[in-house]
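Work through the exercises below with the model open beside you. Try each task before you read its solution.

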Amino acid sequence: MSAPDRIHHIGVAVADLDESIRLYRNALGAELVHRAASETEGLEAALLRVGDGEIELMSAMREDSPIGKFVAKRGPGLHHVAYGVTDIEVALAAAREAGLELIDAEPRIGLHGRRIAFVHPKSMGGVLTEFVET
Ligand code: CO
């Protein structure tokens, strides 16, 4: 089965990670599950659980990083939708077959230790789309 079985998380670009974690904790009772940084991607991220769903908050470590450029261009806000898949190789093959343009031709290890891959937003009606192997 190659179709995603659920929405895994929603990615949100933020200006200040600590402030945003506080906001999600106070406003929604979200629980901080994991926090990590990537020097190569120039971002810091926090995964928070809200009920049985998750929100991934991301802030830029550098202005010229992808998140830095995103926030400079559009401001903080919704960044991507991530779908959970059981086998990411199968999901990528199915996406390719469906004519989607992949940003990651091969899966890579995400900040939270799972295998991930991104689909270009122009293939998905303007929505940056991520697959996460669960
Ligand atoms: Co994500």
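## Exercises on a predicted model

**Exercise 1. In which sense do strand 2 and strand 3 pair, and over how many bridges?**

Solution. This is a predicted model. Start by locating the strands: strand 2 covers residues 31-38 and strand 3 covers residues 43-50. Their pairing is antiparallel, over seven bridges. Next, pick one bridge: Ser38 has Leu43 in strand 3 as its partner. Now look at the turn. Four residues lie between the two strands of this hairpin. One of them, Gly42, has a positive phi of about 65°.

**Exercise 2. Which residue takes a positive phi in the hairpin of strand 3 and strand 4?**

Solution. First find strand 4, residues 53-60. Strand 3 pairs with strand 4 in the antiparallel sense, over eight bridges. Inside this pairing, Leu47 has Glu56 in strand 4 as its bridge partner. Then go to the turn, where two residues sit between the strands. The residue is Gly51, with a phi near 60°.

**Exercise 3. Which residues are the protein donors of the cobalt ion?**

Solution. Two histidines contribute NE2 atoms: His9 and His80. Two glutamates contribute OE atoms: Glu56 and Glu130. These donors lie 2.0 to 2.1 Å from the cobalt ion. Along the chain, their spacing reads H-x46-E-x23-H-x49-E. His9 is in strand 1 (residues 6-13) and Glu130 is in strand 8 (residues 128-133), so this pair ties together parts 121 residues apart in sequence. Check exposure last: His9 and Glu130 are both buried. Glu56 also appeared in Exercise 2, as the bridge partner of Leu47.

**Exercise 4. Why is the site of the cobalt ion irregular?**

Solution. Take the angles among the four donor atoms: they run from 85 to 167°. A tetrahedral site needs all angles between 85 and 135 degrees. The upper value here is 167°, so the tetrahedral label fails. The site of the cobalt ion is classed as irregular.

**Exercise 5. Which parts of the chain does the salt bridge of Glu39 and Arg62 tie together?**

Solution. Begin with the contact: the closest N and O atoms of Glu39 and Arg62 are 3.3 Å apart. Glu39 lies in the loop between strand 2 and strand 3, and Arg62 in the loop between strand 4 and helix 2 (66-74), so the bridge joins parts 23 residues apart in sequence. Now compare exposure. Glu39 is exposed, at 55% relative accessible area. Arg62 is partly exposed, at 31%.

**Exercise 6. How many salt bridges does a search of the whole structure find?**

Solution. The search finds 11. Trace some of them.

- Arg108 and Glu41 meet at 3.3 Å, N to O. Arg108 is in strand 6 (residues 108-109) and Glu41 is in the loop between strand 2 and strand 3, 67 residues apart. Arg108 is partly exposed at 28% relative accessibility, and Glu41 is partly exposed at 29%.
- Glu101 and Lys122 meet at 3.4 Å, N to O. Glu101 is in the loop between helix 3 (88-97) and strand 6, and Lys122 is in the loop between strand 7 (115-119) and strand 8, so the pair ties together parts 21 residues apart. Glu101 is partly exposed at 34%, whereas Lys122 is exposed at 60%.
- Asp18, Arg35 and Glu44 are linked in a salt-bridge network.

Note on methods: Residues are numbered from 1 along each chain as its sequence is written. This is a predicted model: local features need pLDDT of at least 70, side-chain atom pairs count only at pLDDT 80 or more; totals for chains, interfaces and linings use all residues. Side-chain values use heavy atoms; hydrogens and water are left out. Donors are N, O and S atoms within 2.8 Å of the metal (3.2 Å for Na, K and Ca); water is not among the atoms, so sites may look incomplete. Four donors count as tetrahedral if all angles lie between 85 and 135 degrees; four count as square planar and six as octahedral if opposite donors are over 155 degrees apart and all others between 65 and 115; anything else is irregular. Buried means under 20% relative accessible area, exposed over 50%, partly exposed in between (1.4 Å probe, protein chains only). Two strands pair if DSSP finds at least two bridges between them. A salt bridge is a side-chain nitrogen of Lys or Arg within 4 Å of a carboxyl oxygen of Asp or Glu.
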